[in-house]
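Please look over the model shown here before reading the briefing. The points that follow are grouped by topic and are meant to be read alongside the coordinates.

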Amino acid sequence: MSLMAEFIGLGYYAEVPAVIFDVQRVGPSTGLPTRTAQGDILKNYFLSHGDTKHILLFPSSCNEVYEMAMTAFDLARISRLPSS
């Protein structure tokens, strides 16, 4: 996400609707129990070089992922902004 921040910011100011799916895996990745972090949520909210605020949706189940994906496309089209 950090490598695409400039282009997402350009999309915000150019009012280009877009939907971005940021998926993070929970659980141990190195064989040791690790805690999950929420740092990418705040980073995605302010993702750009200015005072942008993006629309974020937080599904909690597979069904909500499907339903909120459709909602995200509708919100992006209506607001003309990138949404995650």
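## Ser79 and its surroundings

Ser79 lies in helix 3, and at a relative accessibility of 29% this serine counts as partly exposed. Although Ser79 and Val16 stand 63 residues apart in sequence, their C-alpha atoms are 9.4 Å apart in space. The model is a predicted one, and its mean pLDDT is 79, with 79% of the residues reaching 70 or more.

**Overall architecture and confidence**

- The protein has three helices and two strands, which follow one another along the sequence in the pattern α-β-α-α-β.
- Of the 84 residues in the protein, 24% are buried, and the protein exposes about 6,300 Å², of which carbon and sulfur atoms supply 62%.
- When contacts between residues at least 6 apart in sequence are considered, 59% of them join residues at least 24 apart.
- Confidence varies among the elements: helix 3, residues 62-79, has the highest mean pLDDT at 91, whereas strand 2, residues 82-83, has the lowest at 73.
- As a general caution, predicted coordinates should not be read in detail where pLDDT is low.

**Helix 3**

- The 18 residues of helix 3 should span 26 Å at 1.5 Å a residue, and because the C-alpha atoms at its ends are 25 Å apart, the model agrees with that expectation.
- The buried residues of helix 3 are Ala69, Ala72 and Ala76, and what covers them includes strand 1 (18-19) and strand 2.
- Directly after helix 3 comes Arg80, a residue whose phi is positive, near 55°.

**Salt bridges**

- A search of the whole structure finds two salt bridges, and in general side chains of opposite charge can pair when their charged atoms come close.
- One of the two pairs Glu15 with Arg80, the closest N and O atoms being 4.0 Å apart; Glu15 lies in the loop between helix 1 and strand 1 and Arg80 in the loop between helix 3 and strand 2, so this pair ties together parts that are 65 residues apart in sequence.
- Both partners of that pair count as partly exposed, Glu15 with a relative accessible area of 41% and Arg80 at 43% relative accessibility.
- The other joins Asp74 to Arg77, with the closest N and O atoms 3.9 Å apart, and because these two residues are three apart in helix 3, they are separated by about one helical turn.
- This spacing can be set beside a general rule: an α-helix has 3.6 residues a turn, so residues three or four places apart point the same way.
- Asp74 counts as partly exposed at 40% relative accessibility, whereas Arg77 is exposed, with a relative accessible area of 55%.

**Val16 and its long-range neighbours**

- Val16 is found in the loop between helix 1 and strand 1, where this valine is partly exposed, with a relative accessible area of 43%.
- Once residues up to four places away in sequence are set aside, Val16 touches Gly11, Arg80, Leu81 and Pro82.
- For one of these partners, Pro82, the separation along the chain is 66 residues, while the C-alpha atoms of Val16 and Pro82 are separated by 6.9 Å.

**A buried histidine and an exposed nonpolar patch**

- Is His54, in the loop between helix 2 (39-45) and helix 3, buried or exposed? His54 has a relative accessible area of 5%, and because buried means under 20%, this histidine is classed as buried.
- Leaving aside neighbours within four places in sequence, His54 is in contact with Ile8, Tyr12, Asn44, Tyr45, Leu47 and Pro82.
- On the surface, Leu3, Met4, Phe7 and Leu10 make a nonpolar patch of about 500 Å².
- Leu10, one of the residues in that patch, is found in helix 1, residues 5-13, and with a relative accessible area of 54% Leu10 is exposed.

Key:
Residues numbered from 1 in each chain as written. Predicted model: local features only at pLDDT ≥ 70, side-chain atom pairs only at ≥ 80, totals over all residues. Heavy atoms only, no water. pLDDT = per-residue confidence, 0-100. Helix = DSSP H or I, 4+ residues; strand = E, 2+ residues; numbered from the N terminus. Expected span 1.5 Å × (residues − 1). Buried < 20%, exposed > 50% of the residue type's maximum accessible area, 1.4 Å probe, protein only. Contact = heavy atoms within 4.5 Å. Patch = residues over 30% accessible without salt bridge, like charges linked within 9 Å, V, L, I, M, F, W, Y side chains within 5 Å. Areas by Shrake-Rupley, 256 points an atom, 1.4 Å probe, with all protein chains shown as cover. Salt bridge = Lys/Arg side-chain N within 4 Å of Asp/Glu carboxyl O.
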